[in-house]
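This report covers the confidence, the sheets and the aromatic contacts of one protein chain. The sequence and the model are shown first.

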Amino acid sequence: MKTNAMNVSRRHFLSGMGACAAVGLLSPSLLVSAKAQASADTTRLVLTGSHWGAIRAKVVNGRFVEAVPFELDAHPTKMINGLADHVYATSRVRYPMVRVDWLRNRHNSDTTQRGDNRFVRVSWDEALDLFYQELERVQTQYGPSALLTSSGWQSTGMLHNPGAMLSRAISLHGTSLSTGGDYSTGAAQVILPRVVGAMEVYEQQTSWPLVLKNSKTIVIWGSDPYKNLQVAWWCPDHDEYAYYAQLKEKVASGEIKVVSIDPTVSSTHDYLGRDKVQHIALNPQTDVPLQLAIAHTIYSENLHDKRFLNEFCVGFEQFLPYLLGATDGQPKDAEWAAKICGIDADVIRALAKQMSTDRTQIIAGWCVQRMQHGEQWAWMIVVIAAMLGQIGLPGGGFGFGWHYNGAGVPTRKGVILGGFSGATATPPIHNGDFKNYSSSIPIARFVDAMLSPGKSINWNGKAVTLPLIKMCVFAGTNPFHRHQQYNRMIEGWKTLETVITVDNHWNATCRFSDIVLPATTQFERNDIDQFGNHSNRGLISMKQVVTPQFESRNDFDIFRELCKRFDREAAFSEGLDEMGWIKRIYQEGVQQGKTKSITLPDFDTFWKEKEYVEFQGESLWVRHQSFREDPDLEPLGTPSGLIEIYSKTIAAFNYQDCQGHPMWFEKAERSHGGPSSDKFPLHLQSCHPDFRLHSQLCESETLRKLYGVDGREPLFISPKDAESRGIKNGDTVRVFNNRGQVLAGAVVSDRYKPGVIRLHEGAWYDPVSGGEHAGLCRYGNPNVLTLDIGSSELAQATSAHTALVQIERFNGDSIKVEAFNGPKEMIAQCEYVPKPAEK
């Protein structure tokens, strides 16, 4: 689509931290069809979508220069200012590259050299030949348990899903090791189906209009929706921010009370008003004692809903002896909890009474369950809500997904598109034998498998034998962002014979790979997406903004070419090219729409003229309402069909760290005094960032200039902790513990409780390879410091929030950040003669 740039009143943003300027209206010319706006001008606006919202990409002389917010997004995120950098950053993977020593010696290479940036450029044909030869060798020599594949949510779009592409291609070649769970909600998504019969974390929540009308108290527990709702799985519409504006008005007028339970003043708390929100600034990782004390107060003061507990729950009687101290001699009262969580006992009792007095909505996040024993916190959220008896009522009960995918925005009547599936009916060439190893492992324990193959662990009721992994293939994901304790991870990495990564930027996973294949960004290809997630606001075309940079290819073409090498191209592509698949996906939506009395335009009209379809007919909804109204006809997915405060199933597992009812377990590293707290007294939080999506857009120099401190990741610290260490705002600091050390830039802020610091997750890992500062991350990745242990034997999920550290002002020689440069191409490629593939 072409348009005259002079007709556009562009939206501008303030350059200050976290602040957006007022938004001007776009010209009406943007609301007419692409055909009507066509012109011979070299400036054009191209509609596309992203995890950060829909945009009109301004393209000047073939170059993407600016992301203009889509006219139907009333609350665009500041992050779109970094989208052009995503295409042109210095960290782009430009060519197929192979680690030099691996190219010389293949699987017998010196794996200690991974991460040294010594790569050589090869042709696409040679790179894909090497990929195929390694698949053949590993699956033939070791069997399926030796091959691990992994993907993430690198881009939006129904077609170009790197995970689906990778899964289909590999499954056509042979069976491989599968993984379960994820890093976002690993503990909650395992415990909640046992307690309330559903995963809960990714599902729609009670509609915001009903919450705003009926809630009197909203408890935001370990959640920061105002920050996190900037991004979503599909292209977000950001409509939820209008409801937060209404909530702010009701908080200001006193109609709704908001309580934020968090060691820090969150962005949501700050937006709603620091003086208007009650802040329960507890010690990190002590949420469960606070929860137990609230439950103890509700019960001991006879504030619990006996009818709800009797009719809709099972197991409260088994939980009660522990709560009252009959089983261990320690009542879980407010005085007991106050000593652990650092909150006055009277404040705890007052909070319990406030929640019991009128309609209370609990908004629970995901951060707290990403710690050791994170399952217990999620379980206790449900228990408290059950004791209040408001589950299934508008504006009451609990929800675990408010900060994600626009949850709570009323859903519109529309179609849900399908996509490119990782499944195929064609059988694999290599079925293989897992040779006494398990065929599936928890994803957060894959480094354990590298270090301890053959070890048996428990996982959600079954025994798992960790396999001998020899090859990993990654597409659209960055394990050197999401996993913990990197020095341990690197030791595991050395046991791998081959690592292949398909990506578009030289993140740390690429640097620690043997073969790196350059993928296009989503702005260099065509696709189609939903606009709005839980809102289902419409469908949006994702037009190719610019041509593929350098020698990058989209994942579809990469894996199609790989499948050619073992005669499975037809099964992979099903005879369709990119536009053929997009048209099929859309037409399947057209057929779905007919069953719902929804008429969609034909594909050519949608793609070439309309570009966007908006659905109508919002419907309000209350989570768990159908269960409350008729638990017999609408039972939960638990064995009893009811809320299980005590789970016979979990009790039968005989796990010491996750028993039949929720309990308090001390942490390996605790914030309220204990082992190592004298040496490392500060608790590190690694929450979601405010200026990127995990590690995506960390490559954006534009955004790093907004939030970075002297070119490094910001380290947030309280004035008291900073003063006691002689640290001033803007200083470079060294953050360290027994697991590693990082450099970061100090941001002294009164939003942080003394004893609590924060490094946002997703900062690119930038290790110094040797010398005095060996093991030091120059940029500030928190997972150098976090602890790699399972949450419990039940979920075996990540424990990223379980970490103690110390900080000091860095007075050493200046150390330059190298994370965003990419490795230098080596001339030695011209002299290389590849070895023949081993039989």
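Two strands are taken to pair if DSSP finds at least two bridges between them. The model described here is predicted.

## Six-stranded sheet

With that criterion, one open sheet has 6 strands in the order 5-4-20-19-18-6, and its pairing is mixed. Strand 5 (119–121) and strand 6 (147–151) are the edge strands, each of which pairs on one side only. From one strand to the next, the twist averages 15 degrees.

Within this sheet, strand 19 (residues 498–503) and strand 20 (residues 515–518) run parallel and are joined by 4 bridges. Thr 501 has Val 516, in strand 20, as its bridge partner. Helix 4 (residues 124–141) lies across strand 4 (97–99), strand 6, strand 18 (471–475), strand 19 and strand 20. Relative to strand 20, helix 4 runs at about 130 degrees.

## Five-stranded sheet

Another open sheet is built of 5 strands in the order 10-9-8-12-13, with parallel pairing. Its edges are formed by strand 10 (278–280) and strand 13 (397–399), which each pair on one side only. Here the twist averages 20 degrees from one strand to the next.

At the edge formed by strand 13, the pairing with strand 12 (residues 360–364) is in the parallel sense and extends over 3 bridges. Gly 399 in strand 13 stands opposite Ile 363.

## Hairpin

Strand 16 (residues 456–459) pairs with strand 17 (residues 462–465) in the antiparallel sense, over 4 bridges. The two strands form a hairpin with 2 residues between them. Trp 459 has Lys 462, in strand 17, as its bridge partner. In the turn, Asn 460 has a positive phi of about 50 degrees.

## Aromatic pairs and cluster

The structure holds 42 aromatic pairs. One of them joins Phe 398 and Phe 400 in an edge-to-face arrangement, at 5.7 Å centre to centre and with 65 degrees between the planes. Phe 398 and Phe 400 are both buried. A further pair, Phe 420 with Phe 572, is tilted, with 5.4 Å centre to centre and 55 degrees between the planes. This pair links distant parts of the chain, 152 residues apart. Phe 420 belongs to the loop between strand 14 (411–413) and strand 15 (440–442), whereas Phe 572 is in helix 22 (residues 569–573). Phe 420 and Phe 572 are likewise buried.

One aromatic cluster is formed by Phe 446, Phe 474, Phe 480, Tyr 486, Trp 493, Phe 512 and Tyr 765.

## Arginine over aromatic rings

Two arginine contacts with rings may be noted. Arg 63 lies over the face of Tyr 88, at 3.8 Å from the ring centre. For Arg 734, the charged end sits over the ring of Phe 736, 3.9 Å from the centre of that ring.

## Confidence of the model

The chain has a mean pLDDT of 92, and 92% of its residues reach 70 or more. Over residues 1–40, however, pLDDT stays under 50. The model has 79 contacts beyond four places in sequence for residues 1–40. Residues 827–839 also have pLDDT under 50 throughout, with 14 contacts beyond four places in sequence in the model.

Where pLDDT is low, the predicted coordinates should not be read in detail.

How values were computed
Residues are numbered from 1 along each chain as its sequence is written. This is a predicted model: local features need pLDDT of at least 70, side-chain atom pairs count only at pLDDT 80 or more; totals for chains, interfaces and linings use all residues. Side-chain values use heavy atoms; hydrogens and water are left out. Rings of Phe, Tyr and Trp (its six-membered ring) pair if their centres lie within 6.5 Å; planes under 30 degrees apart count as stacked, over 60 as edge-to-face and the rest as tilted. Buried means under 20% relative accessible area, exposed over 50%, partly exposed in between (1.4 Å probe, protein chains only). A charge sits over a ring if NZ of Lys or CZ of Arg is within 6 Å of the ring centre and within 35 degrees of the ring normal. pLDDT is the predictor's confidence in each residue, from 0 to 100. Contact means heavy atoms within 4.5 Å. Axes are lines fitted to C-alpha atoms, for helices over the stretch in contact, and angles run from 0 to 180 degrees between N-to-C directions.
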